[in-house]
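Here are a few exercises to work through with the model open beside you. Try each one yourself before reading the solution.

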Amino acid sequence: MPPRHRPGRHALRNTDRGHTAPAPDSANSLYPVPARTTAHREGKPTVNRHTAPSPVLIAPRYLAGPDATATSALIQQLQDDQWRRESFSDCLVFSRREPGGLLEALHTPAGVQRAPKKGRESSWEFTARPGPGEAATWSVRFAPKTPPELPAALAAALTDTDRVADGQHSPHYLRPVGRPDEATAPLSAAGWIHVLTRYEYAWYAPDERALVVTGTSDEHGHGVANWLFAASRATDNITLWHATAHPRTPTHLIHALCTAITDPSPVLRTRPPSHETGPVTTARP
């Protein structure tokens, strides 16, 4: 995590470039491998039993890492909210049209083969535009290893029925942005440390393992640079994951992401993160 005495210079090193990783193997499967006979002794089979890892609850959620089950739940969430699902090349494309707006989500599944014995990890990109063929108003990108709860929070905010039915003419996800401090209220409420420099606003988690950054405002009080959400390993400050949001991303959507990253509720995973991630709170469900 970047030291606060050097504002404006974030030492998080991103190891996700290229989005390549070894293809998943059976050790990472969410399901048990059937028992198989490996030898016979005195006429009786010796059975090698493989069992699935025991589920564990992990907090804080920004250190919980990716999860296949949570990703599947996000895909189902989109379909339940009437996003149209299509396949394009090796990716899944979701879209949701309404008068005056078009939402799109591009999902790269884990393990997509791009080179021998190598595959990309799961990632998401959400985009909003006034209609088909028109320029995107904003986009939010989630790098591999981002906890699925963050893109799920954005997807839920995009289809929030209260905002859809608030009587406005344009879709809520295409409206002008507000002030950054309106978006970051959940960070302040959760006790995150606020650092203001000439060029950016930064909020650090109490354990200094996660941060949210945006550029300083223009004369109208609006952000002028991408939002950055990120978490780092305890051992060497290498980035575990990061997400970026365009400055024109509506304030209430950034607010939803800030709420998700500060949510103290533990999330279910099939196994704890690696020791390099650093201390986390774990419990059995």
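A salt bridge here is a side-chain nitrogen of Lys or Arg within 4 Å of a carboxyl oxygen of Asp or Glu. Bear in mind that this is a predicted model: local features need pLDDT of at least 70 and side-chain atom pairs count only at pLDDT 80 or more, while totals for chains, interfaces and linings use all residues. Residues are numbered from 1 along each chain as its sequence is written, and side-chain values use heavy atoms, with hydrogens and water left out.

**Exercise 1. Salt bridges**

Find the salt-bridge partners of E98, E104 and E125, and say how accessible the residues are.

Solution, step by step:

- Start with E98, whose side chain meets that of R96 in a salt bridge at 3.8 Å, N to O. With a relative accessible area of 26%, E98 is partly exposed; the cut-offs are under 20% for buried, over 50% for exposed and partly exposed in between (1.4 Å probe, protein chains only).
- Next comes E104, which pairs with R129, the closest N and O atoms being 3.0 Å apart. This pair links distant parts of the chain, as E104 sits in strand β8 (residues 101-108) and R129 in strand β11 (residues 123-129), 25 residues apart. Strands (E, at least two residues) and helices (H or I, at least four) are DSSP runs, numbered from the N terminus.
- Check burial for both ends: E104 is partly exposed at 25%, whereas R129 is buried at 17%.
- Now take E125, which bridges to R141 with 3.3 Å between the closest N and O atoms. Here too distant parts of the chain are linked: E125 is in strand β11 and R141 in strand β12 (residues 138-142), 16 residues apart. Both count as partly exposed, E125 at 24% and R141 at 43%.
- Finish with the network: shared partners join R233, D236 and E276 through salt bridges. The total count is nine salt bridges.

**Exercise 2. A helix pair**

Describe how α2 packs against α6, and work out why α2 is largely enclosed.

Solution, step by step:

- Get the geometry: α2 (residues 149-158) and α6 (residues 251-262) pack at about 145°, with axes 9 Å apart. Axes are lines fitted to C-alpha atoms, for helices over the stretch in contact, and angles run from 0 to 180 degrees between N-to-C directions.
- List who touches whom (contact means heavy atoms within 4.5 Å): from α2 come E149, L150, A153, L154, A157 and L158, and from α6 L253, A256, L257 and A260.
- Sort those residues: nine are nonpolar, none polar and one charged. Ala, Val, Leu, Ile, Met, Phe, Trp, Tyr, Cys and Pro count as nonpolar, Asp, Glu, Lys and Arg as charged, and the others, Gly among them, as polar.
- Then explain the enclosure: nine of the ten residues of α2 are buried, so the helix is largely enclosed by the rest of the structure. Among the buried ones are P151, A152 and A155.

**Exercise 3. An arginine in a loop**

Is R209 buried or exposed, and what does its side chain reach?

Solution, step by step:

- Locate R209 in the loop between β14 (200-204) and β15 (210-215).
- Read its accessibility: at 9%, R209 counts as buried.
- Follow the side chain of R209 to the backbone oxygen of S232, 2.9 Å away.
- Compare sequence with space: R209 and G278 are 69 residues apart along the chain, yet their C-alpha atoms are separated by 9.1 Å.

Note on methods:
A polar contact is a pair of N or O atoms within 3.5 Å; within protein, one must be able to donate a hydrogen and the other to accept it, and residues adjacent in sequence count only if both atoms are side-chain atoms.
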